[in-house]
Structures are given as C-alpha cells and as structure tokens.
Amino acid sequence: MRGLDVLSSITATLVRFAGGLNATAAGKRPAEPLTLYEFESCPFCRKVREALTELDLDAVILPCPKGGERYRAELLTRGGKAQFPYLIDPNTGTEMYESDDIVDYLYAEYGAVGARPGPKGAIPLLTGSLASLIRAHQGTFVRPSRSPEQPLEFWSFEASPFCRIVRERLCELELPYALHNVGKGGARRDDFVKQSGTMQVPYLLDPNTGKGLFESAEIVSYLDKTYGVPA
Ligand SMILES: N[C@@H](CCC(=O)N[C@@H](CS)C(=O)NCC(=O)O)C(=O)O
C-alpha cells in the first residue's frame, strides 16, 4: 500500500535522525567519480551513503543485493571478499572495505575544513538496522532483471523517503547508476534545476531510452517494466 510505504520510509529517515539530508560539509571535489559496491538496506552502507550526501559527492553505485550475481562476483574478484560497502576512488588510487574507514577517508579527502563525520559504533548500527527493519528489508534481496547497456542516472539525497523507495528497487534489480547527490544547501542544486526544470527528487534519467521521470511510484513501475524479468 502506497501510504504505508511512504510512511515507513519517512520513519526510516527519522530513526536515522535525518542523516544524509544536508550537503553542507563539502570541501575539495574529485575529478573522477567514486564507485561504491553496496546494498540499500545494509546499515554500514547507509552510513557511507549519508556521508556522500553530506559531502555533496556523486558516486557510481553498483548494487549487490543478497542472491545477486552481477556485481557481487565482480567485487569478490576485485577485493577478495563479498563484504559491503566497498569504495573505489580512482583519484587517489584508494580502494577499501570498512564503513568507518570509508567515511573517515571521504571526510578527510573531500570534507570542508573542520567538517567531522557523525557518530561511530553502536548507535548508527542500531538505528540503521532499525530503519531497514521498518522498511521490511526492502533493498536486500535480488529480483531477476536484465542489465542496462549504460548505467542509469539518478538524482537523490539519502534522507529523502521517496528517493529511498526508488533506491531500494534499483538495488533489488541490480541496476548500476550514477548517483547525483543534491542534499539541502548543496552547491549543485541550481545546475540540477537548470537541467530538469524543477527542484524535485527523486529524478531518474535513463540514457538507454531517453526517459526522465520524477515520481517515485512511476519510477519503480518504469524500472520493473523496463528491466524486471518475470521469475
Ligand atoms: N565492519 C564492516 C561490516 C560490513 C558488513 O558486515 N556488511 C555486511 C552487510 S550489512 C555484508 O557485507 N554481508 C555480506 C553479504 O551481504 O553477503 C563495515 O563497517 O563496513
């Protein structure tokens, strides 16, 4: 039911104290986009995605839901274990597991002077896991899909309840996408408005079909129709 879906997504944002809402910690900008292997409901991955919004950073997201093979196998070969999150930064030649290390790295490399990451330890783990429970673990398990030729493009910020609903489906369908973060106060909101015509997220642009969509329910239905494969 749509109302319940939105309500549980708002609650998930609240239990994470709206982490990943504001993009006001940004410092130096990467020349090349970062890449993140992750899955939506993983509380460790959530911390990293929140940091990406706060630091106003884009990343290529390679979704690795449980049961998925598209990017899990790739990471196993590349990093040696199927553990998420895993960050690749081609700008510094850095690749790493461990969410706290990744968040510290991102703040040190791309944060404003004096910007500090949020708390570590039990609280983000418990609240992040509670958020996933509230969302009935959507964004955890793979759905059969076909791979797009080119990665999709998705404008979002981590705390948005509507963006979460879309990210969960992108993850379940193992669809790679360029995540463009447009958190509140971020420097790139104006460019986004120039491109899309309005400041509203989620916004999905599919370069494979030329389709651009704003409404979360419509985006999910488009993804299912275009890339979902009946089990
Ligand atoms: N200490 C690691 C823990 C990461 C972790 O345990 N991730 C889980 C997902 S929440 C994982 O990779 N599980 C393996 C799997 O999903 O197959 C960190 O903070 O990054």
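Here are some short exercises on this predicted model, each with a worked solution.

**Exercise 1. Work out how α1 and α5 are arranged relative to each other, and say which residues make the contact.**

Step 1: start with the geometry. Helix α1 covers residues 2-15, and its axis sits 8 Å from that of α5, at an angle of about 175°.

Step 2: turn the angle into a word. Angles over 145 degrees count as roughly antiparallel, so α1 and α5 are roughly antiparallel to each other.

Step 3: list the contact. From α1 we get S8, T11, A12 and V15, and from α5 we get T127, L130, A131 and I134.

Step 4: sort these residues by type. Five are nonpolar and three polar, with no charged ones in the contact of α1 with α5.

**Exercise 2. Do the classification again for α2 and α5, and then look at the make-up of the contact.**

Step 1: the axes of α2 and α5 come within 8 Å, and they cross at roughly 105°.

Step 2: the range for roughly perpendicular is 65 to 115 degrees, so that is the label for α2 and α5.

Step 3: on the α2 side, the contact uses P43, F44, R46 and K47, while α5 brings P124, L125, G128, S129, A131 and S132.

Step 4: the contact of α2 with α5 has five nonpolar, three polar and two charged residues.

**Exercise 3. Find the label for the pair α1 and α6, and name the residues that meet.**

Step 1: here the axes come within 8 Å and cross at roughly 105°.

Step 2: that angle makes α1 roughly perpendicular to α6.

Step 3: α1 contributes R2, D5, V6, S9, I10, A12 and T13, which meet P161, F162, R164 and I165 in α6.

Step 4: by type, the contact of α1 with α6 splits into six nonpolar, two polar and three charged residues.

**Exercise 4. Describe the largest pocket: its volume, its lining and the helices that supply the lining.**

Step 1: the volume comes out at about 250 Å³ for the largest pocket.

Step 2: count the lining. There are 17 residues, and R16, E50, P117, G118 and P119 are the ones nearest the centre of the pocket.

Step 3: trace the lining back to helices. At least two residues each come from α2 (43-54), α4 (99-110) and α5 (122-134). The largest share belongs to α2, with four residues.

Step 4: check the chemistry. The lining holds eight nonpolar, two polar and seven charged residues.

**Exercise 5. Track down the backbone oddities: which peptide bonds are cis, and which non-glycine residues have a positive phi?**

Step 1: recall the baseline. Most residues other than glycine have a negative phi, and most peptide bonds are trans.

Step 2: look at omega. The bond from F84 to P85 is cis, with omega near 5°, and P85 belongs to the loop between α3 (72-79) and β3 (86-89). The bond from V201 to P202 is cis too, with omega near 10°; P202 is in the loop between α7 (189-196) and β7 (203-206).

Step 3: look at phi. H137, not a glycine, has a positive phi of about 60° and is located in the loop between α5 and β5 (152-156). E174, not a glycine either, has a positive phi of about 55°, and its loop runs between α6 (161-172) and β6 (177-181).

Step 4: add the accessibility. Buried means under 20% relative accessible area, so E174, at 6%, is buried. H137, at 37%, is partly exposed.

**Exercise 6. Say which residues, further off in sequence, V229 and A112 touch.**

Step 1: place V229. This residue lies in the segment after α8 (216-227) and is partly exposed, with a relative accessible area of 37%.

Step 2: leave out neighbours within four places in sequence, and V229 is in contact with P144, S145 and R146. The C-alpha atoms of V229 and P144 are 5.3 Å apart, although 85 residues separate the two along the chain.

Step 3: move on to A112, in the loop between α4 and α5. A112 is partly exposed, at 25% relative accessible area.

Step 4: not counting residues up to four places away, A112 touches A25, A26 and G27. For A112 and T24, 88 residues apart along the chain, the C-alpha separation is 8.4 Å.

Key: Residues are numbered from 1 along each chain as its sequence is written. This is a predicted model: local features need pLDDT of at least 70, side-chain atom pairs count only at pLDDT 80 or more; totals for chains, interfaces and linings use all residues. Side-chain values use heavy atoms; hydrogens and water are left out. On a 1 Å grid over the protein atoms alone, a cavity is a set of points where a 1.4 Å probe fits but cannot get out, and a pocket is an open set with protein on both sides within 12 Å along at least five of seven lines; lining residues have an atom within 4 Å of a point. Grid points are joined across faces, edges and corners, and a volume is the space filled by probe spheres set on the points. Ala, Val, Leu, Ile, Met, Phe, Trp, Tyr, Cys and Pro count as nonpolar, Asp, Glu, Lys and Arg as charged, and the others, Gly among them, as polar. Buried means under 20% relative accessible area, exposed over 50%, partly exposed in between (1.4 Å probe, protein chains only). Contact means heavy atoms within 4.5 Å. Axes are lines fitted to C-alpha atoms, for helices over the stretch in contact, and angles run from 0 to 180 degrees between N-to-C directions. Angles under 35 degrees count as roughly parallel, over 145 as roughly antiparallel, 65 to 115 as roughly perpendicular and the rest as oblique.
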